[in-house]
Protein chains: 2
Amino acid sequence: MSVITIEKKILQKNDEVAQQNRGLFKRGNIFVINLVSSPGSGKTSLLEKTLLRLKDRIRIAVVEGDVQTDLDAQRVAKFGVSVVQVVTNGACHLEAKLVQDAISNIDLRDVRLLVIENVGNLVCPAGYDLGEAMKVVVLSTTEGDDKPLKYPAMFRNSSALVINKIDLLPYVNCNLDALKSNALRINPNLKVFQTACTTEAGIEEWSSWLECQTRKS
Amino acid sequence: MSVITIEKKILQKNDEVAQQNRGLFKRGNIFVINLVSSPGSGKTSLLEKTLLRLKDRIRIAVVEGDVQTDLDAQRVAKFGVSVVQVVTNGACHLEAKLVQDAISNIDLRDVRLLVIENVGNLVCPAGYDLGEAMKVVVLSTTEGDDKPLKYPAMFRNSSALVINKIDLLPYVNCNLDALKSNALRINPNLKVFQTACTTEAGIEEWSSWLECQTRKS
């Protein structure tokens with residue numbers, strides 16, 4: 001019983017800090033997405049492609065969450081954007097306080113878009129508000145079309161779904177229509193994109209949409 | 001501080017129940033593996049292929065862990081083995097008590113091999129002993145070769161690594177040698193297999209090894 005109480009307190013405290021983050025982002029006119037997915041869905045590759053398209057059009061900063069390494073931050077830093085690595089030391093998700101600490105290390109002046117790449121985990125990050133404008137869930141076709149049904153919270157709490165690695169569809173057991181229909185059954189409001197970072201398929205559409213969301217925020 | 005204490009108590013309690021499970025398995029002469037991975041690595045497909053090879057040679061039972069559905073249990077039940085579905089209702093890992101409750105619903109007489117398929121999550125299940133003889137981590141080539149470095153606890157706590165979907169190597173950005181070397185850097189004792197459920201590559205070797213482990217236990 002005490003466990004549940006503590007857990008509630010953790011989430012309540014997280015929500016308070018998330019609201020502080022949200023206020024800061026609003027005052028700074030910064031559009032923030034929380035990029036979530038399983039390990040290896042291609043979040044970082046998608047981010048690289050997105051940075052390539054948008055970095056000279058809008059000012060972007062990145063917070064990289066990782067259990068142990070700074071490999072992703074190294075990849076992102078090559079694009080010349082501000083990036084902070086948060087290493088959770090084994091913890092399975094980012095929390096609002098970690099983001100708050102991270103962004104205190106970035107110069108947010110003139111930044112219009114902040115991308116928070118969460119730890120690769122399709123379960124736990126669903127429950128943690130970081131102060132973002134929206135969660136964007138990335139799902140690789142290689143993971144199979146049943147995943148929205150098996151991990152519904154993440155799809156319910158996201159505003160957009162990027163179905164990545166569509167170039168692999170001929171080789172994997174994944175029905176794209178079934179995947180979309182399963183996702184929309186969980187959340188009819190999901191904006192759905194289909195991308196492949198190797199072929200650039202869908203990257204233009206996704207990046208343009210993200211730029212529009214940023215400009216209108 | 002109280003959170004850490006509670007967390008320790010949870011893990012301590014879990015370990016106690018895991019030891020009870022381990023005693024039960026030992027008395028029953030049952031070899032138990034805890035199959036762990038990211039969502040969509042192909043755990044259930046690997047299990048299907050394994051059951052096809054071994055179900056008429058040794059008596060097998062399965063515990064299926066899932067956040068929300070019983071889709072995997074339905075797939076496994078087709079092979080005529082005893083299977084129990086544990087739905088964690090949003091929780092990100094199986095705990096020993098859930099397994100204890102689950103196996104009380106299976107007739108374990110003559111069962112020699114029990115496969116526990118954990119929730120798809122490369123982080124949290126690493127910390128929870130279920131009473132198994134070993135953890136087996138499945139990693140799909142589509143997830144990339146850096147994953148052992150990024151999620152080290154799971155590779156450190158596993159005895160075997162099944163690199164799955166090797167048929168997709170020509171199409172994905174994954175260096176098999178780098179993947180193996182990264183995994184062995186984290187855990188030099190890992191027994192490594194390479195499989196593809198679509199082509200049956202490596203399935204015989206993996207199944208034979210599992211049968212030997214079971215018979216010698």
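This is a guided tour of a predicted model with two chains, A and B, one selection at a time.

**Before you start**

Residues are numbered from 1 along each chain as its sequence is written, and chains are lettered from A, with ligands numbered from 1, in the order in which they are written. Because this is a predicted model, local features need pLDDT of at least 70 and side-chain atom pairs count only at pLDDT 80 or more, while totals for chains, interfaces and linings use all residues; side-chain values use heavy atoms, with hydrogens and water left out.

**Stop 1: the two chains**

Colour chain A and chain B separately. Two copies of a chain are related by a rotation about an axis and a shift along it. Here, chain B is superposed on chain A by a rotation of 180° with 0.0 Å of shift along the axis, and the RMSD is 0.0 Å. The superposition is by least squares on the C-alpha atoms of residues with pLDDT of at least 70 in both copies. This relation is that of a two-fold axis. The same surface serves both copies, as 100% of the contact residues of chain B recur in chain A.

**Stop 2: the interface**

Select the residues of each chain that are in contact with the other chain (contact means heavy atoms within 4.5 Å). On chain B there are 34 such residues, and they touch 35 residues of chain A.

The size of an interface is often given as the accessible area lost when the parts come together. Buried area is that loss, found with a 1.4 Å probe and summed over both parts. For chain B and chain A it is about 2,600 Å², with 67% on carbon and sulfur atoms. Now select P39(B), K150(B) and Y171(B): in chain B, these lose the most area to chain A, together 22% of what that side buries.

Next, look for pairs that cross between the chains. The rule finds nine residue pairs in polar contact across the interface, both residues being at pLDDT 80 or more. A polar contact is a pair of N or O atoms within 3.5 Å; within protein, one must be able to donate a hydrogen and the other to accept it, and residues adjacent in sequence count only if both atoms are side-chain atoms.

Three elements of chain B give two or more residues to the side that touches chain A: α1 (2–27), α3 (71–77) and α5 (147–150). Among these, α1(B) gives the most, with four residues. Helices (H or I, at least four residues) and strands (E, at least two) are DSSP runs, numbered from the N terminus.

**Stop 3: K150(B) and its partners**

Select K150(B), D66(A) and D72(A). A salt bridge is a side-chain nitrogen of Lys or Arg within 4 Å of a carboxyl oxygen of Asp or Glu. The rule finds four of them across the interface, and the structure holds 28 over all chains.

Which distance separates N and O in the salt bridge of D66(A) and K150(B)? It is 3.3 Å. The pair runs from strand β2 (residues 60–66) of chain A to helix α5 of chain B. K150(B) also meets D72(A) in a salt bridge, at 2.5 Å from N to O. D72(A) lies in helix α3 (residues 71–77) of chain A and K150(B) in helix α5 of chain B, so this pair joins two chains.

Are these residues buried or exposed? Buried means under 20% relative accessible area, exposed over 50%, and partly exposed in between (1.4 Å probe, protein chains only). D66(A) is buried at 3%, K150(B) at 5% and D72(A) at 2%.

Now swap the chain letters: K150(A) and D72(B) meet in a salt bridge of 2.5 Å, N to O.

**Stop 4: E200 in both chains**

Select E200(B) and K49(B), whose side chains meet in a salt bridge (2.7 Å, N to O). E200(B) lies in the loop between β7 (191–194) and α8 (203–216) and K49(B) in helix α2 (residues 43–54), so the pair ties together parts of chain B that are 151 residues apart in sequence. E200(B) is partly exposed at 31%, and K49(B) is partly exposed at 21%.

In chain A, select K49(A), R53(A), E200(A) and E204(A); salt bridges that share partners join them into one network. Check the backbone too: E200(A) has a phi near 70°, a positive value in a residue other than glycine.

**Stop 5: N21(A)**

Finish in helix α1 (residues 2–27) of chain A, at N21(A). N21(A) counts as buried, at 1% relative accessibility. Leaving aside neighbours within four places in sequence, N21(A) is in contact with A96(A), V99(A), Q100(A), L130(A) and G131(A).

Definitions and conventions: Buried area is the accessible area (1.4 Å probe) that two parts lose on being put together, summed over both.
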